[in-house]
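Let's walk through this fold together, one piece at a time. Have the sequence and the model open side by side as you read.

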Amino acid sequence: MKQVVQNYKSGELAVLDVPVPGCKPGGVLVRSAYSLISTGTELMKVSEAGMSMVGKARSRPDQVAKVMQSVATNGVPATYRKVMGKLDSYTPLGYSLCGVVEQVGAGVDDVKAGDLVACAGNEHALHAELNWVPKNLYAPVPDGLAPRHAAFGTVGSIAMQGVRQGEPQLGEVALVIGLGLIGQLVAQLLTASGVRVVGADPDPARCELAVSLGAVACGDPASAAVGSAVAELTGGHGVDQVYLAAGGGSNQPVELAAQLCRDRGRVVDIGKCRLDLPWNAYYEKELDVRFSRSYGPGRYDPEYELEGRDYPIGYVRWTERRNLACFLDLLARGSVDVEPLVSHVADFDDAVETYRRLKDGELKAVAVLFRYPGPAASPAEPEPPVVTVPAVRPGGRAAAPARSATAPVRLAFVGAGNYATSMLLPHLARRDGVELSTVVTTTALSAANAKRKFGFAGATTDLDAVLGDPSVDAVFVVTRHSSHAELTRKALLAGKTVFVEKPLALTEDELAGVLAAVEESGNDRLQVGFNRRFAPLLQEARQRFGARTGPASLRYLVNAGRLQHGSWYLQQGTEGSRFAGEGGHFIDTASWLLGADPVSVYAVAPSGNEDLQIVLGYPDGSTAAISYVTTGAPGFPKETLDLVADGKVLRLDDFVRASVYARKRWVSSRLPKARDKGQAAELAAFVRAVRTGGPMPVPLESLVATTAATLAVRTGLAGGVPVTLAGAR
């Protein structure tokens, strides 16, 4: 299928061939009929992409702050790879469309194939021939409503949420500053609510359009016309509400709002304009400044948008889906008219030229629609606590499949997110004797990006086709945590060697399922992405430390830091706790340094935060204390480790410097280094095992023990007592 994309680094716009997205549970696959260009938001993104790197940084100071924090945590090289990887990737455009349901995912019962729906979301309602849309981001189109009009559903919801924030009442007077697409819709919605509207915009054509659609008066904000109209309509008191629907860097909109608003009036910010509030003017009138967040309640909440968890109507009357349905109803009943806003309808194949004309000012438009070709054939339907460490049966394992020693190792990737593209694929793409065969994703564009950047031979959303391909030697599972165990199980049963990013499993049942697949298939060719044991600096420090004779004490401080709002790591209902997701890294590192698997786990958590204190016990009496904290200073190193035994101390400082204190002291180079946490060496060991058929880099028993110990932390926290790992050695 085709999709409109943009490279944020170069500014290039393209209509790209990408795989058809998979139809996941909880949503529908929609074939687009019309999609709407947001001439404000989208053109701002297009313009930013054409800026220099300095210009991009100035336009997004929030992203610059994130980059600086990443430099402090991960170092310059890793941050550079991550940032440039994101910049030099195709990103989607679009967030408002109407189309026909082609396929219905499990758990959806309110629409069927063939139904017309309006869709929302900058990750789901894209300028693409097909989109997967979760349940709370689509709404059925009422009978008789034209698809080209229903395509306005998302921007209509944005305008509607802004109006709701202003709490208009019958007979009031409102000022709408900025009469672009959103401003025109705000003016119509206010008029439909019994509010008299004055508009302000420097474009005379937009002012005339707003008046023709119900506004009482409109004019240039720099002229006296707007102020005169407000004075006449309000008896000199000022408007009851002001809606800021303008963009740009001028502070004129907020100053005009203060000038023309009545005492204790309401100012609602909908657009992205400068908000340098003149303190005296806002203070003296005690103005109520409000913000309108996109389509309504539910926006940016992954449990609502992705998992389909609706808010009870008695508590949240107007969610983003209810706003979408309400706006469609107003369109169907003729209370709002969007046809006069349509300046141009372009064929989807002409998308790049259309954006160019808009950017250059050749095409002056309020709203532009893409019209898609007729529907093609529908895609095929898819078919006291004791934690027992699952035993790994020693017999009956299949040998690695026979392969030519000179043939390249052919790898397939399931998932192509940030970690895969910044930490794994750059190493594999430049490794001799490795061929990147196929990348599988559920979203079409991530597969297309990975194929372009790393040279995959193919990209698809069909996992079964890859697992059934006999030429694929190994499969990398680099998806969200909740899918790791099931995808690993399927790949093992298909006879593939598997590299799965941590965690291997989120529950004991998932871990048992993976081991059942090993037993059923006889295939134990599995590696989990516990990379720190492969870090060159830690390897050298362990060698310098040497053998030990007595028990050891290990202290591992992980300054994990707070997660950003909206991070999928916070989706504990589906993705497990944060420690369940990454704690295996630290347990594996401790166990490798101590040369054994843990036999007990004791975990406590201070109330009020996510900090964890975990003590692991080992067969010879050694202990490892892991402090996993989120409340530390951001500038402090992420990982520091001390190992003490036999009168010796090993010290690791965030994979930048290491030292060993013994009879003879050793300190690694004091020159600043990039943090090498072992990904390159880990991948080299994995590829070597696949090529030669030799043992996997980490024994399966160790992978299972580490996973079981990670899961036991949850059991220990619930019970408040130490957990014995039955069956551990």
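Start at Phe291, which sits in strand E14 (residues 288–291). Strands here are DSSP runs of type E with at least two residues, while helices are runs of H or I with at least four, and both are numbered from the N terminus. Phe291 joins Leu275, Leu277 and Val289 in a nonpolar surface patch, and together they have about 320 Å² of accessible area. A patch takes residues with over 30% relative accessible area and no salt bridge, joining nonpolar side chains (Val, Leu, Ile, Met, Phe, Trp, Tyr) within 5 Å and like charges within 9 Å. The areas are Shrake-Rupley values with a 1.4 Å probe, and for residues only the protein chains shown count as cover.

A word on ground rules: this is a predicted model, where local features need pLDDT of at least 70, side-chain atom pairs count only at pLDDT 80 or more, and totals for chains, interfaces and linings use all residues. Residues are numbered from 1 along each chain as its sequence is written, and side-chain values use heavy atoms, leaving out hydrogens and water.

Now zoom out. The protein chain carries 24 helices and 32 strands. Of its 729 residues, 52% count as buried, meaning under 20% relative accessible area (exposed is over 50%, partly exposed is in between; 1.4 Å probe, protein chains only). The chain exposes about 30600 Å², with 53% of that coming from carbon and sulfur atoms.

Next, helix H10 (residues 252–260). Its buried residues are Pro253, Val254, Leu256, Ala257, Ala258 and Leu260. What covers them includes strands E9 (173–177), E10 (196–200) and E12 (239–244), plus helix H9 (225–234), E13 and H11. Arg274 comes in from the loop between strand E13 (261–269) and helix H11 (279–285). Leaving aside residues up to four places away in sequence, Arg274 touches Gly248, Gly249, Ser250, Asn251 and Val254, where contact means heavy atoms within 4.5 Å. Arg274 still counts as partly exposed because its relative accessibility is 42%.

Further along there's an open six-stranded sheet, in the order E20-E19-E18-E21-E22-E23, with parallel pairing. Strands count as paired if DSSP finds at least two bridges between them. Strands E20 (458–460) and E23 (526–528) are the edges, each pairing on one side only. Neighbouring strands of this sheet are turned by 20° against each other on average, direction ignored. At one edge, strand E22 (residues 497–500) pairs with E23 over three bridges, and Phe499 has Gln527 as its bridge partner. Helix H15 (residues 418–429) lies across E18 (409–414), E19 (434–440), E21 (474–477) and E22, running at about 170° to E18. Such angles run from 0 to 180 degrees between N-to-C directions, using lines fitted to C-alpha atoms, for helices over the stretch in contact.

Just past E23, in the loop before helix H20 (536–545), you'll find Arg533. Is Arg533 buried or exposed? At 10% relative accessibility, Arg533 is buried. Beyond residues up to four places away in sequence, Arg533 touches Gln539, Asp588, Trp592, Val698 and Ser702.

Then come some hairpins. Strand E29 (residues 648–653) pairs antiparallel with strand E28 (residues 639–645) over six bridges and antiparallel with strand E30 (residues 657–661) over five. Both turns have a residue with positive phi near 55°: Asp646 between E28 and E29, and Asp654 between E29 and E30. Along E29, Lys648, Leu650 and Leu652 point to one face and are buried, while Val649, Arg651 and Asp653 point to the other and are not.

Last, the salt bridges, each a Lys or Arg side-chain nitrogen within 4 Å of an Asp or Glu carboxyl oxygen. The whole structure has 35 of them. One is between Asp642 and Arg555, with the closest N and O atoms 2.7 Å apart. That pair spans 87 residues, from Asp642 in E28 to Arg555 in strand E24 (residues 553–559). Asp642 is buried because its relative accessibility is 14%, whereas Arg555 is partly exposed at 31%. Arg489 and Glu486 make a more local one, at 2.8 Å, about one turn apart in helix H18 (residues 484–493). For a network of salt bridges, look at Glu353, Arg356, Arg357, Asp360 and Glu362.
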